[in-house]
Each structure stands twice: as C-alpha cells, then as structure tokens.
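Let us walk through this structure together, one part at a time. Keep the sequence and the model open beside you as you read.

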Amino acid sequence: ILFGSVSEIRLDKSGNSAKKLSPLQYISIDETEIPEGLAEIEIDTLLTNNFRVNIHNWTNTDRIYHLVSKPGTIVKSKYKDITSNLKIYYKKQLIFDQYLDKVIFEEPEESSFWEHAILQTVAVDELRSIKEPLIHIRFYNPVQNAFKAYQITVDCRGAYDLEFIDGIYLS
C-alpha cells in the first residue's frame, strides 16, 4: 500500500498543479510466484527401442520479474528458471548426459528474447520416438510473452541433432 499526501499550505498556492490530485491514493500490489515454492521433478521414460530417458528438472536461483500496471494495482510476477539434466541410456549404457541451459540455444541476434527467457518444459515425445528418442524443449519469455521450441534426437552412439521448431507451442 502506498500512502501519499500533499500539505494544505502547498495546495492553497495558486497555479499549483497538485490541487487536482487527491491527497490520498491507494495502490495494491499483487505478487505471483511461478512455480510456487521450490520444485524438483525427475522422470524416467523407458522406450521399446532399448532407450531410457531420464529428465531431472529443478528450480534454480535465476528469476525473471515482470510488472504489469493496472489502474490502482501493480501485478508483480516472479518467474523461476529451471535447470534440467537430460540423460539418455541405450541398452543400460549412458550415451548422452547434458545440462540444458539457454546458453546452448542462444543466438546473438535474438538477445532480446534470451535476456528474459526461462526454460519451461523438457519432455519426451514417446509417440515419435520409434527409432531414437525425440526430446522437446521449450523456453518462455514472460516479458515478451513469446516462446521458442527445439527438439533433440539422440542416436544409439550418443550423437545428437538439435533443431529449432518454428511456430510450434508444445503443451
């Protein structure tokens, strides 16, 4: 709550623009934390083609703050960034182990997006992982309300292919 006041002496002076202001104005501040609290999730996916995908996600200390001003209210959203470790096994042998960070995906000409981007999802596309695992990765920029999506495929030797997915917003 913000309290403001102007003394009566200043209000009585002629030509003072403060006369038009109310002596007291209330502004409420609503705060939202996304996700609430701390989060840590680990998912193992066994595929029928001898692959096992382990995705370990947890909130880290990076935060993106986004303020929206509405009449009488300021909405402050605090988005927590997520760190993800992606491990892929083939016939019980670890073939791929990578921390997924936006540094891997950043392009210098897109710096305005990456400045406020957070990792939003990392998921296995089980239906399209017939030959090799297909992993979807999505970043979200709350300031621009924009997304960037990628997919990674990994073969049985651990070689991977990273591809930008244009115009697709994963659910």
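## Strands, salt bridges and turns

Lysine 78 is partly exposed, with 23% of its relative area accessible. Please keep in mind that you are looking at a predicted model. Lysine 78 makes a good starting point, since it takes part in a salt bridge with glutamate 33, where the closest N and O atoms are 3.4 Å apart. Glutamate 33 belongs to strand 1 (residues 28–34) and lysine 78 to strand 4, so this pair ties together parts that lie 45 residues apart in sequence. Glutamate 33 is partly exposed as well, at a relative accessible area of 27%. If you look around this pair, you will also find Lys80: Glu33, Lys78 and Lys80 are linked in a network of salt bridges. Over the whole structure, a search finds 6 salt bridges.

Now follow the chain onward from glutamate 33. Isoleucine 34 and proline 35 are joined by a cis peptide bond, with omega at about -10°. Proline 35 sits in the loop between strand 1 and strand 2. It is worth a pause here, because most peptide bonds are trans.

Beyond that loop comes strand 2. Strand 2 (residues 40–46) pairs with strand 3 (residues 51–70) in the antiparallel sense, over 7 bridges. To get the register, find isoleucine 43, whose bridge partner in strand 3 is isoleucine 55. The two strands form a hairpin with 4 residues between them.

Which residue in this turn has a positive phi? The residue is asparagine 50, with a phi of about 75° although it is not a glycine. This is a point to check in the model, because most residues other than glycine have a negative phi. Asparagine 50 is partly exposed, with a relative accessible area of 44%.

A salt bridge also goes with these strands: aspartate 44 forms one with arginine 52, and their closest N and O atoms are 2.9 Å apart. Both side chains can be placed on the accessibility scale. Aspartate 44 counts as partly exposed at 46% relative accessibility, and arginine 52 is partly exposed at a relative accessible area of 26%.

From strand 3 we move to strand 4. Strand 3 and strand 4 (residues 73–90) run antiparallel and are joined by 17 bridges. Leucine 67 is a handy marker here, standing opposite lysine 76 in strand 4. The hairpin of these strands has 2 residues between them, and glycine 72 takes a positive phi near 80° there.

After strand 4, the loop that leads to strand 5 (93–100) holds lysine 92. Lysine 92 is not a glycine, yet its phi is positive, near 70°. Is lysine 92 buried or exposed? At 81% relative accessibility, lysine 92 counts as exposed.

Let us go further along the chain, to glutamate 110. Glutamate 110 forms a salt bridge with lysine 148, the closest N and O atoms being 3.4 Å apart. Glutamate 110 lies in the loop between helix 2 (102–105) and helix 3 (111–114), while lysine 148 lies in strand 8 (residues 146–154), so the contact ties together parts 38 residues apart in sequence. The two partners fall into separate accessibility classes: glutamate 110 is partly exposed at 24% relative accessibility, whereas lysine 148, at 14%, counts as buried.

Strand 8 also brings us to the next pairing. Strand 8 and strand 9 pair in the antiparallel sense over 6 bridges. Here alanine 149 stands opposite isoleucine 165 in strand 9. The hairpin of strand 8 and strand 9 has 5 residues between the strands, and among its features is glycine 158, which takes a positive phi near 95°.

Stay with strand 9 for the last stop. Leucine 162 is found in this strand, which covers residues 160–165. At 33% relative accessibility, leucine 162 counts as partly exposed. Together with Ile104 and Tyr160, Leu162 makes a nonpolar surface patch of about 270 Å².

Notes
Residues numbered from 1 in each chain as written. Heavy atoms only, no water. Patch = residues over 30% accessible without salt bridge, like charges linked within 9 Å, V, L, I, M, F, W, Y side chains within 5 Å. Areas by Shrake-Rupley, 256 points an atom, 1.4 Å probe, with all protein chains shown as cover. Salt bridge = Lys/Arg side-chain N within 4 Å of Asp/Glu carboxyl O. Buried < 20%, exposed > 50% of the residue type's maximum accessible area, 1.4 Å probe, protein only. Pairing = 2+ DSSP bridges.
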